Structure formats: structure tokens, C-alpha cells
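Me: I have a structure open and I would like to learn how to read its features. Could you take me through it step by step?
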Amino acid sequence: MGKWPKPAEGSWTEHYPELGTGRISFEDSVSPEFYALEREAIFKRAWLNVGRIEDVPRTGSYFTKEIHIANASVIVVRGRDDEIRAFHNVCRHRGNKLVWTDLPSEETSGVCRQFTCKYHGWRYDLEGKLTFVQQQSEFFDLDVDNIGLAPVHCEIWNGFIFINLDPEPTQTLRDFLGPMIMALDDYPFAKLTERYDFMADNNSNWKLFADAFQEYYHVPSLHPQQVPVAVRNPEGGFECAHFQIDGPHRLVSTAGVRRWTLPAEYMYPIERATRSGLVGPWETPDIGPLPMAGLNPGNVDPWGITNYQIFPNLEILIYGGWYLLYRYWPTSPSSHKFEATLAYHPARTVRERIEHEVSGVVFKEFALQDAGMLGGTQAALESGVLDAFPLSDQEILVRHFHKVVGDWVAQYDGALVGARA
Ligand code: FES
Ligand SMILES: [Fe+2]
């Protein structure tokens, strides 16, 4: 539409010359060898968001997180000193998985005073210390003070709990997140505690679903109902208002549109009736001052949404007074577990509760439109017929994401080669 603060000259992509403009390969989304490298180079080294502080609200609150690609299971627990810690979910005695409920492969959560291994009954306190050994006198040189649960690095940023499986992370969480993400330091995530959580097994590589959420080029085609004529460009397409890249992280902002001014065909009758839908409630409660410099760094007017892709597998979409969160957990080269959370200010009235429910249901339908298609993308890429694909300027973040993934893998692989030489 030409009115957005595009770089003064050239395209968004050419603004970042390191990205190039050539065709890219999606071999990184089908290759088992590349998947094995991603395990070591990315998922065992990067900071990974596993939850929010609201997930462990009081002393003894815990949850487990299965990180399939890293062959890891992690316990996150709030201790008696109010600290949130993470531990490998492995008993120090003979390696049994310590915390699980019905099936050892499934995640669980709850509140407890201690963790007791189901196998021989060893017990650990909330700080990971070994506190009970059955028939301790029959062991040889057992140093109970130094055989607690193996810790996992755990840091918190604005209520988001991150872990790092690297025994010695090379960066603190804040250094890793960098200034573009830290500009959200004051966003009041902690006030938005009415949550709707979804989980789906998806038969595509984890990066392909992330790709579908970091470009809006596909929206007029795959979700025509989402983009009224009023917000399309003269070619019938949709242009994003602002793109930005900072280290391994990305953001994209889109312009706002007043839903109530749109013709009826762009929404379901229930959206008009409840004044809520795909972009959330049409009005949200005042949650205090918002850090607009971080939320709308492109000064888009009217501003709609900013979507932050935090490397490697977290995405936060902020709509002013509420947010959406996605996480992509790889389970094989051609599958991943997709998690989505919608978070609102707790409803104060029945009307607000209904607005939240409608927003969640409409979101789920649109997410399914993407999810249902990606099995086809995966299968076609796996045919191996083509290996170079053109990307438009609107797909700059796809280009950047795959480049960063490739860079992390190459850096790790290079270090290995160097070590072997
Ligand atoms: S493996 Fe846990 S107590 Fe034996
Ligand atoms: Fe989509």
C-alpha cells in the first residue's frame, strides 16, 4: 500500500544483505542427518521456553517438559525459597524417570512436598537434594549430599521460564534475547492469566509450521476471510507493515483494522454478535501502560499486531491487551508437537468470558487451516524433486529463520570438524 515505513530504498530483504535474495533449500526440513545436527547444535544449546511462572504458582508446584529432540525430560519446580529451578527428570539411583503419572512418556504437573522415585523409593526435596535412601547402610561410599538431581540451567524473563540444556551456556538468557525482545520487559504478561492451551501433533517439520506464522503472504490465499479488501494492496495481496531482525530473532508487525467496520462476509455472525473473533476481543480491559516502543518499533499507524519469533521455537503475538503464544517441539524430521496458548486478562463479566471463548474457537479454525495443509508441504518436499525455492520480500523472515538454523548447525559442525582435525 506504500504507506508503511518500508526502508527508504529497496526491499526489506535487501536491507539485510547477509540474507541474499536467491532461492533457498528446504533440505533442512526433510533430512534426518540435519535433524540430528539440530538436536546438538540448537536444542541442546539454545534457551528454550518451557512455560510461565503462572504454571508453578506456589511452593511445590511443578511440571515436566518432554523435549523429544534432545532426548530430555525436565522437571520445573518452585522451591521452598520461592526459586524456580529445573532438573533432569532422572533418578540418581538407577536412572529411572522420576516424575510421571500414568505414562512415563507423557508430561505431568501438580503440587508436592517431595519427589519419590517409583522404583526403589529414593526421595528428593523441592531443591533437588536427595533426602531418603532405602537401606542406605547397604550402599558403599554413598555421598548423599552430592548426589542430588542433576540441575538444568533455568532463567526467567518477564515471567517466561527458559531452560538451557547446555551444561555451560555461552550466553545468559538476557544476552541471548537481545534488545529487540528485551524491549518487552515491561509488557504486563503477568496480568493476562486467563489461558486457553491447545496442543496438536503435526506431520510436518517444526520449521515449516513456524514459517507459516512468520509470513502473511499466504493469508489471502489460504485464509481469504482474514483479509478484507480494505486491507489488501492493489494487487489483491497483503503487505506487512514492518519487519525487523535482531540476532537470531525476528518480528513482524501488521496494521490494525476496526473489525466492526468490515462487511459481514469477513466474519462469522457470532463474531459480530459477541464482538470478538480471530483478532481477539474487539475491546480489552485497560492493563496499564504498554511499552509501545517495543510493541510497535516500526511506528505502524494504526497498529494491529506484532509477532515476535524468538529463536528457536517460541513465537509471541501481541495484540495490545492480550497475547497468543506458539511453541514448536520437534519429534522427528517430519513431525512436531505444536502448542498454542491464548492469554487474556481474567474475565470480569460473563460477556468477557464469552469473548475469550469465541476468540479461542475462531483461532483454532484458522490454525487448522495451516496445520492441515502442512502435511502436504512436508510430503512434497520429501519427494526431493526440487531443491531451490524462490522467496518474496514478504517472506523475509522465512529466509532469515532457515539461515539462522543453518548458521547454528554450521557453527556447531565446524567446531566439531575443528576439534577432530
Ligand atoms: S531408580 Fe530411582 S530409586 Fe532406584
Ligand atoms: Fe496461516
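Reply: Happy to! We start with metal donors, which are N, O and S atoms within 2.8 Å of the metal (3.2 Å for Na, K and Ca); water is not among the atoms, so sites may look incomplete. This is a predicted model, where local features need pLDDT of at least 70 and side-chain atom pairs count only at pLDDT 80 or more, while totals for chains, interfaces and linings use all residues. Residues are numbered from 1 along each chain as its sequence is written, chains are lettered from A and ligands numbered from 1 in the order in which they are written, and side-chain values use heavy atoms, leaving out hydrogens and water.

Me: Which residues coordinate the iron ion (ligand 2)?
Reply: H218 and H223 each give NE2, and D370 gives OD twice, at 2.1 to 2.5 Å. Along the sequence, these donor residues follow the spacing H-x4-H-x146-D. H218 is in the loop between helix 3 (206-212) and helix 4 (219-222), and D370 is in helix 7 (residues 350-382), so the pair ties together parts 152 residues apart in sequence. Helices (H or I, at least four residues) and strands (E, at least two) are DSSP runs, numbered from the N terminus.

Me: Why is the arrangement around the iron ion irregular?
Reply: Four donors are tetrahedral if all angles lie between 85 and 135 degrees; four are square planar and six octahedral if opposite donors are over 155 degrees apart and all others between 65 and 115; anything else is irregular. Here the four donor atoms subtend angles of 56 to 149°, which makes the arrangement irregular.

Me: Are H218 and D370 buried or exposed?
Reply: Buried means under 20% relative accessible area, exposed over 50%, and partly exposed in between (1.4 Å probe, protein chains only). Both H218 and D370 are buried.

Me: What is an aromatic pair, and how many does a search of the whole structure find?
Reply: Rings of Phe, Tyr and Trp (its six-membered ring) pair if their centres lie within 6.5 Å; planes under 30 degrees apart are stacked, over 60 edge-to-face, and the rest tilted. The search finds 27 aromatic pairs. One of them, Y62 with F115, is edge-to-face, at 5.5 Å centre to centre and 85° between the planes. It joins strand 2 (residues 61-67) to strand 6 (residues 115-116), with Y62 and F115 53 residues apart. W157 and F160 are stacked instead, with 5.7 Å between centres and 20° between planes; both are buried.
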